[in-house]
Amino acid sequence: MLKKERFRRFIEYFTQHYPEPQTELNFSNPFELLVAVILSAQCTDKRINQISPALFARFPEPESLAVASVDEVFSYIRSVSYPNNKAKHLVGMARTLLERFGGEIPATVEELQTLPGVGRKTAHVILSVVYNEPTMAVDTHVFRVSHRLGLAPLTATTPLAVEKALMAHIPKQYVPKAHHWLILHGRYVCLARSPKCDACALRDFCKYYEKRMGSIVVQ
DNA sequence: ATCCCGAGGG
DNA sequence: CCCTCTGGAT
C-alpha cells in the first residue's frame with residue numbers, strides 16, 4: 001500500500017471513531033499541563049493524575065513553585081519515575097518562567113526548550129494542546145505506532161526523523177489530533193509488548209501485523 | 001523482565 | 001552516540 005493511502009486510512013478511521021481526541025492528563029490551565037507533561041516522562045498518565053491534585057493545590061502557579069524547596073516538591077512526586085530529576089526540573093522551570101517569561105507559558109519551541117525539564121517532545125505537546133499549533137510531539141507511542149503502521153520509514157530511527165515523516169504527510173488541520181490518535185492507539189490497542197492485533201481496525205495494512213502473521217508456523 | 005506521552009549530561 | 005535517573009504496574 002502506498003504511503004499516501006496509509007495516511008488516508010489512518011485519518012479516516014480515527015476521524016470516524018475519535019473525532020475529538022484529547023490528552024488524558026488532568027489539568028485546568030497551561031501551567032498545570034506543563035507540570036503534568038514534565039512529570040509524564042516514562043510514567044503512565046494514570047499515575048500522574050493520581051498525584052497531580054495535591055501537587056496543583058500546593059503549587060497552583062509558578063510563584064509558589066519557584067520558591068519551593070526541591071525536597072518538598074519531591075515529597076509530592078515521589079511515586080513517579082525519576083522524582084529527583086523532576087523535582088529539580090519543576091522548581092527550575094518555575095523560576096525560569098518568572099525570570100524570563102513573566103510567568104507566562106512561552107509559545108515557541110525554542111523558548112519552551114529553555115525551560116528545565118522541557119525537551120522537544122514536551123515543547124510540542126504544549127504548542128499542540130495549549131496553542132493548537134500543527135506540531136507533532138513524538139513520544140514512545142507515536143514512534144512505535146508510526147513504524148508499525150508504515151507511516152514512518154525504517155530509516156527514521158530518531159524521534160525527529162519520525163516527526164518529519166509524519167509532518168510531511170498529515171494535513172495541518174489533522175496534526176494535533178493525529179498526535180492523540182497515535183498515543184491512544186499505542187496505549188490501548190497497539191501495545192508495546194503484546195499488541196491487540198485482533199482488536200485493531202488498521203491491521204490490514206499494518207507492517208507489524210504482516211510480519212507477525214508471516215512468522216507464525218502453521219501446524 | 002518489560003514498559004510507561006523523556007531529558008540532561010558525558 | 002551513549003548513559004543515567006529510577007517508581008509502579010503487569
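Biologist: Which residues come nearest to DNA strand B?

Modeller: Keep in mind that this is a predicted model. A residue counts as near when one of its heavy atoms lies within 4 Å of the strand. Here 27 residues surround DNA strand B, and Thr23, Gly117, Thr122, His141 and Arg193 come nearest. Of the strand's atoms that come within 4 Å of the protein, 68% belong to sugar and phosphate.

Biologist: Okay, so which residues have an atom close to a phosphate oxygen of DNA strand B?

Modeller: Check whether the backbone or the side chain supplies the atom. Gln42 uses a backbone N or O atom, 2.8 Å from a phosphate oxygen. Thr140 brings a polar side-chain atom to 3.3 Å, and Arg187 does so at 3.2 Å.

Biologist: Which element gives the most to the surface near DNA strand B?

Modeller: That's helix 8, with four residues. Sorted by kind, the residues of this surface are nine nonpolar, 11 polar and seven charged.

Biologist: And how do I read a salt bridge, say the one between Arg187 and Asp45?

Modeller: Look for a side-chain nitrogen of Lys or Arg within 4 Å of a carboxyl oxygen of Asp or Glu. For Arg187 and Asp45, the N to O distance is 3.1 Å. Arg187 sits in helix 11 and Asp45 in helix 3, so the pair ties together parts 142 residues apart in sequence.

Biologist: Is Asp45 buried or exposed?

Modeller: Buried means under 20% relative accessible area. Asp45 has 12%, so it counts as buried, while Arg187 is partly exposed at 23%.

Technical notes:
Residues numbered from 1 in each chain as written. Chains lettered and ligands numbered in written order. Predicted model: local features only at pLDDT ≥ 70, side-chain atom pairs only at ≥ 80, totals over all residues. Heavy atoms only, no water. Polar contact = N/O pair within 3.5 Å; in protein donor to acceptor, adjacent residues only side chain to side chain. Helix = DSSP H or I, 4+ residues; strand = E, 2+ residues; numbered from the N terminus. Nonpolar A, V, L, I, M, F, W, Y, C, P; charged D, E, K, R; others polar. Buried < 20%, exposed > 50% of the residue type's maximum accessible area, 1.4 Å probe, protein only.
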